[in-house]
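Please walk me through this protein model, beginning with its charged contacts and moving on to its cores, its helices and its unusual backbone geometry.

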Amino acid sequence: MRDDTIMVIGAGQMGSGIAQVCAQAGYSVYMYDVSEDQIQKGMNRISDRLVKQAEKGKMPHHDVKDIYLRLSPSDSLNDAGEAFLIIEAAVERMDVKKDIFKRLDEKTKDKAVLASNTSSLPITELASVTKKPQNVIGMHFMNPVPVMQLVEVIRGLETSDQTFDTVVATAEKLKKVPVEVHDFPGFISNRILMPMINEAVFALYEGVAEKESIDTIMKLGMNHPMGPLALADLIGLDTCLYIMETLHKGFGDDKYRPCPLLRQYVSAGRLGKKTGKGFYTYDSK
């Protein structure tokens, strides 16, 4: 195990963003995915973002190559054995995450930290499938990762102080602001954000206003940088639905009931920007 090496599980939008900020902070980074195509897309996504930053004068051009060279595509979880910190950023499904954590538990060193970028799922339950629950913690980055400063840090029931301190120190090295929250469904960010998005979908569903009007009111009236429906498209409507279902199940309160229109859009494959169509339609380029 090396104290300068991090492994990121998942090369999608969140995983590639996490890998990028880790490499920018000077860490050697393995970026793993089960799909070679997804790994390449993730690497290309990082390269494009770095080049754009350099073109805007936000970093020297020679730094782009140095950062990119600190990234290593990985198709083997065995590489996790070299890392002091493994950050899981897979799809927001408990069964998938549990399977990953079981496998990582067998391949990592005794002191390696297993962090999940889950946006709503209980850390204590994830930790229960490992033999080292004291090493498991939530490390919830915000989207887009290279831009947003916040990292929610969530202790599970068994999370040790050493694990917590390691994650806080790492987040600070990434130039993020770590904030501790307790292990409840949705934590703080999505417990507040997702019901707001869901209510915006209900307003659209009930014909209270058109989507543009809803988003404009929240931008101009509440000073939000993006309207809730456009934000849902950015996050992914499938992710929004899954988080609302997690909140509904976790709290047993119908105020978290997902809007039927949200379910309908997800069933139709209208997932937002990643599919080219959600509440809005996006250029496929």
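**A guided reading of the model**

At 10% relative accessibility, Lys-132 counts as buried. The model is a predicted one, and this lysine offers a convenient place to enter it, since Lys-132 forms a salt bridge with Asp-105, with 3.0 Å between the closest N and O atoms. Asp-105 is buried as well, its relative accessible area being 9%. The two residues are 27 residues apart and link distant parts of the chain, with Lys-132 in the loop between α5 (123-127) and β6 (136-141) and Asp-105 in helix α4 (residues 94-107).

A further charged pair is formed by Lys-97 and Glu-92, whose side chains meet in a salt bridge at 3.7 Å, N to O. Lys-97 is buried, with a relative accessible area of 1%, and Glu-92, at 9% relative accessibility, counts as buried too. Where the cut-off is 4 Å between a side-chain nitrogen of Lys or Arg and a carboxyl oxygen of Asp or Glu, the count of salt bridges comes to 14. Elsewhere, Arg-2, Asp-4 and Glu-82 are linked in a network of such bridges.

From the charged contacts we can turn to the nonpolar interior. The largest nonpolar core has 38 residues, of which Ile-6, Ile-18, Val-29, Leu-85, Ile-87, Met-139 and Phe-141 touch the most other members. Helix α1 (residues 13-24) gives the most to this core, contributing six residues. Leu-85 shows what such a position looks like in detail: leaving aside residues up to four places away in sequence, Leu-85 touches Thr-5, Ile-6, Met-7, Val-113, Ala-115, Met-139, Val-167 and Thr-170. A second core, separate from the largest one, has 24 residues and includes Met-244, Leu-247, Cys-259 and Leu-261.

An annotation can be set beside this picture. According to the unreviewed UniProt entry, the domain "3-hydroxyacyl-CoA dehydrogenase NAD binding" covers residues 6-183. In the model, that span is 41% helix and 22% strand, and its end C-alpha atoms lie 24 Å apart.

The second core leads to helix α10. Helix α10 (residues 237-251) has 15 residues and reaches 21 Å from its first C-alpha to its last, close to the 21 Å expected at 1.5 Å a residue. Its buried residues are Leu-237, Thr-239, Cys-240, Leu-241, Ile-243, Met-244, Thr-246 and Leu-247, and what covers them includes α7 (189-205), α9 (228-235) and α11 (260-267). Just after α10, Gly-252 takes a positive phi of about 65°.

Which residue forms a salt bridge with Glu-245? The partner is Arg-263, and the closest N and O atoms of the pair are 2.8 Å apart. Because Glu-245 lies in helix α10 and Arg-263 in helix α11, the pair ties together parts that are 18 residues apart in sequence. Glu-245 is partly exposed, with a relative accessible area of 30%, and Arg-263, at 36% relative accessibility, also counts as partly exposed.

The cysteines deserve a separate look. With sulfur atoms required to lie within 2.5 Å of each other, the count of disulfides comes to zero. Cys-259 is in no disulfide, and the nearest cysteine sulfur, that of Cys-240, is 12 Å away. Cys-259 is nevertheless buried, with a relative accessible area of 0%, and Cys-22 is likewise buried at 0%.

The last stop is the backbone. Most residues other than glycine have a negative phi, and most peptide bonds are trans. Against that background, the peptide bond from Asn-143 to Pro-144 is cis, with omega near 0°, and Pro-144 is found in the loop between β6 and β7 (150-155). Lys-175, a residue other than glycine, has a positive phi near 65°; Lys-175 lies in the loop between α6 (161-173) and β8 (177-181) and, at 71% relative accessibility, counts as exposed. Asn-223 likewise has a positive phi near 65°, and its place is the loop between α8 (211-222) and α9, where Asn-223 is exposed, with a relative accessible area of 68%.

How values were computed. Residues numbered from 1 in each chain as written. Predicted model: local features only at pLDDT ≥ 70, side-chain atom pairs only at ≥ 80, totals over all residues. Heavy atoms only, no water. Core = buried A, V, L, I, M, F, W, Y, C linked by side-chain atoms within 4.5 Å. Buried < 20%, exposed > 50% of the residue type's maximum accessible area, 1.4 Å probe, protein only. Helix = DSSP H or I, 4+ residues; strand = E, 2+ residues; numbered from the N terminus. Contact = heavy atoms within 4.5 Å. UniProt positions renumbered as here; feature names shortened; annotations may be inferred. Expected span 1.5 Å × (residues − 1).
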